[in-house]
Amino acid sequence: MSKIRGIAPVFLKENTNLKKEYGFVLIAYITMQLSSFIGIPLVTFIGTSLGKSTAEMRSLSVPIWLVASFSITLLFVLWILRKEYNQTETRDKAKMGLGASIFWAISGIFIALFAQGLAGNIEAMMGIKTGSDNTKQIIHIIEAFPIMVFVSSVIGPILEEIVFRKIIFGALHQRLNFFLSALISSVIFSLAHMEIEHTLLYSAMGFTFAFLYVKTGRIIVPIFAHVAMNTFVVLIQSVFKEDIDRFIEQSEKIQSFIGGIL
């Protein structure tokens, strides 16, 4: 069973077994994912009961419930794992140094973006529709309700790294090599986003963040890279979307003009 050289012992010290707390975290995350089926209609009902129109509440209920459910789940998860992060004396000696961890956290942003771009190009060559429907829906909600940026760029990535890298990947990596552990956890990651057609795309991100976790022994490193990457994507696709579209349009006009001259 192959491991990434020199760092497997560090990683395995944190995951000697699937702790009871990890089970609670998984249950909380799954409950959060399924809660929209009840939560959104409930928010709509409460809003209309207070005098809001049904049409208004249909647009408000989704962001309200997402912000509330994600925030509550994150607070619960951090509370559940509080004892683990307080017991750091032994583990901290094995983790990568702070300076090197910061280097990998920053480098991880560019590695993740490169991996995502490469996977996207491969999917395009395979005939898979480019772009994520999940991302488009999130961007649409953010444009209407900017507070959703906090969910998509901060809370979501933190929860995903704890669940998919620390817990699921961590448990698999005790028994399987890095490749299989990252692959299986990435497929589960893709299924959780209900975009199985983009498994390659999610796998590219999953492999990157799993590598960062194993390399440094610090879950905060892939969390930082994931948060930064999501923030960058949101800024590009929402805040600067009009500027980018305008730049592309101008570039196409210049190319057409040059082509006409030639």
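Which side chains meet in a salt bridge at 2.7 Å, N to O? In this predicted model, the pair is E161 and R165, and the close-up views below start from these two residues.

**View 1. The salt bridge between E161 and R165 within helix α9.** The side chains of E161 and R165 come together with an N to O distance of 2.7 Å. Both residues belong to helix α9, where they are four residues apart, or about one turn of the helix. E161 counts as buried because its relative accessibility is 0%, and R165 likewise counts as buried because its relative accessibility is 0%.

**View 2. The salt bridge between K52 and E56.** By the rule applied here, the count of salt bridges comes to two, and the pair shown in this view has its closest N and O atoms 3.9 Å apart. E56, with a relative accessibility of 33%, counts as partly exposed, and K52, with a relative accessible area of 43%, is partly exposed as well. Both values fall between the cut-offs of 20% for buried and 50% for exposed, which is why neither residue is assigned to either of those classes.

**View 3. The largest nonpolar core, with 47 residues.** Within this core, V25 and L159 are the residues with the most contacts. The elements that contribute two or more residues to the core are α2 (20-34), α4 (54-80), α7 (98-125), α8 (133-144), α9 (148-173), α10 (178-192), α11 (199-216) and α12 (220-239). The largest share, 11 residues, is supplied by α9. In soluble globular proteins, nonpolar side chains tend to be buried together.

**View 4. The surroundings of V25.** When residues up to four places away in sequence are left out of the count, V25 touches V77, I80, L81, I162, V163 and I167. V25 is also one of the two residues with the most contacts inside the largest nonpolar core.

**View 5. The packing of α2 against α4.** The axes of these two helices lie 10 Å apart and make an angle of about 180°; α2 and α4 are therefore roughly antiparallel to each other, the angle being over 145 degrees. On the α2 side the contact is made by E21, F24, V25, A28, Y29 and M32, and on the α4 side by S69, F70, T73, F76, V77 and I80. Sorted by class, the contact of α2 with α4 has nine nonpolar, two polar and one charged residues.

Conventions: Residues numbered from 1 in each chain as written. Predicted model: local features only at pLDDT ≥ 70, side-chain atom pairs only at ≥ 80, totals over all residues. Heavy atoms only, no water. Core = buried A, V, L, I, M, F, W, Y, C linked by side-chain atoms within 4.5 Å. Buried < 20%, exposed > 50% of the residue type's maximum accessible area, 1.4 Å probe, protein only. Contact = heavy atoms within 4.5 Å. Salt bridge = Lys/Arg side-chain N within 4 Å of Asp/Glu carboxyl O. Axes fitted to C-alpha atoms, helices over the stretch in contact; angles between N-to-C directions. Parallel < 35°, antiparallel > 145°, perpendicular 65-115°, else oblique. Nonpolar A, V, L, I, M, F, W, Y, C, P; charged D, E, K, R; others polar.
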